[in-house]
Amino acid sequence: MAKSSADDEELRRACEVAIEGTKQKVVMSIRVAKSRGTWVKAGKLGRGHMAKPRVLALSTKVKGQRTKAFLRVLKYSTGGVLEPAKLYKLKHLSKVEVIANDPSGCTFMLGFDNLRNQSVSPPQWTMRNMDDR
């Protein structure tokens with residue numbers, strides 16, 4: 001296994017298989033944990049908030065002379081196989097915010113300017129591997 005999940009060819013191939021048929025090519029992928037919870041003092045999740053294992057994959061699609069970039073969220077199915085969960089257009093990504101309460105520096109939030117329900121707090125993503133920072 002690679003030191004960083006961004007260099008992990010096996011993870012990249014699994015992501016390619018998961019998005020097969022979309023004509024998209026995976027550029028980079030990282031293992032993360034998705035959580036909705038707020039962070040309390042010791043950098044741990046509050047009660048009742050379980051972190052879910054996910055993979056964030058950056059993919060591109062060439063259409064004529066234009067190249068479109070997407071951020072895909074992939075989740076693990078019951079058999080441990082990756083399957084698409086969510087798709088974001090990278091052009092709508094407006095901010096990447098690192099969570100100050102996490103001493104490891106591995107937790108961040110992604111802000112998109114086109115989300116329908118702005119009142120709901122966006123999910124927090126924690127990198128599973130310290131080398132992914």
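Two residues are said to be in contact when heavy atoms lie within 4.5 Å. With that in mind, a good place to start in this predicted model is helix H1, residues 9-18, which lies across strands E1, E2 (52-63), E3 and E4. The helix runs at about 95° to E1.

The strands themselves come next. An open sheet is formed by 7 strands, and reading across it gives the order E4-E3-E2-E1-E7-E6-E5, with antiparallel pairing. At the edges sit E4 and E5 (93-98), each of which pairs on one side only. Neighbouring strands of the sheet are turned against each other by 35° on average, with direction ignored.

Two of the pairings can be followed in detail. Strand E3 (residues 66-76) and strand E4 (residues 82-89) run antiparallel and are joined by 7 bridges. One position to look for is Phe70, whose bridge partner in E4 is Lys89. E3 and E4 form a hairpin with 5 residues between them, and in the turn Gly80 has a positive phi of about 80°. Elsewhere in the sheet, strand E1 (residues 25-35) pairs with strand E7 (residues 124-127) over 4 bridges, again in the antiparallel sense. Here Ser35 has Gln124 as its bridge partner in E7.

The loop between H1 and E1 is worth a pause, and two of its residues can be set side by side. Lys23 lies in this loop, and its phi is near 65°, a positive value in a residue other than glycine. Gln24 has its place in the loop between H1 and E1 as well. Which of the two descriptions, buried or exposed, fits Lys23? Since the cut-off for exposed is over 50% relative accessible area, Lys23 is exposed because its value is 74%. Gln24, in contrast, is buried because its relative accessible area is 10%, and the limit for that label is under 20%.

What does the side chain of Gln24 make a polar contact with? One partner is the side chain of Ser59, at 2.8 Å. The side chain of Arg72 is joined to that of Gln24 by a polar contact of 3.0 Å. Leaving aside residues up to four places away in sequence, Gln24 touches Glu16, Ile19, Ser59, Thr60, Lys61, Phe70 and Arg72.

Attention now turns to the nonpolar residues. In soluble globular proteins, nonpolar side chains tend to be buried together. The largest nonpolar core in this model has 12 residues in all: Ile30, Val32, Leu56, Leu71, Val73, Tyr88, Cys106, Phe108, Leu110, Phe112, Trp125 and Met127. At least two residues of this core are supplied by each of E1, E3, E6 and E7, and the largest share, 3 residues, comes from E6. A second, separate core consists of 9 residues, including Ile19, Ala57, Leu74 and Leu82.

Aromatic rings add one last feature. The count comes to 1 aromatic pair. Tyr88 and Phe112 form this pair, which is stacked, with 4.3 Å from centre to centre and 10° between the planes. The pair links distant parts of the chain, as Tyr88 is in strand E4 and Phe112 is in strand E6 (residues 107-112), 24 residues apart. Tyr88 counts as buried because its relative accessibility is 12%, and Phe112 counts as buried because its relative accessibility is 6%. Both Tyr88 and Phe112 also appear in the largest nonpolar core.

Key
Residues numbered from 1 in each chain as written. Predicted model: local features only at pLDDT ≥ 70, side-chain atom pairs only at ≥ 80, totals over all residues. Heavy atoms only, no water. Pairing = 2+ DSSP bridges. Axes fitted to C-alpha atoms, helices over the stretch in contact; angles between N-to-C directions. Buried < 20%, exposed > 50% of the residue type's maximum accessible area, 1.4 Å probe, protein only. Polar contact = N/O pair within 3.5 Å; in protein donor to acceptor, adjacent residues only side chain to side chain. Phe/Tyr/Trp six-rings, centres within 6.5 Å; stacked < 30°, edge-to-face > 60°. Core = buried A, V, L, I, M, F, W, Y, C linked by side-chain atoms within 4.5 Å.
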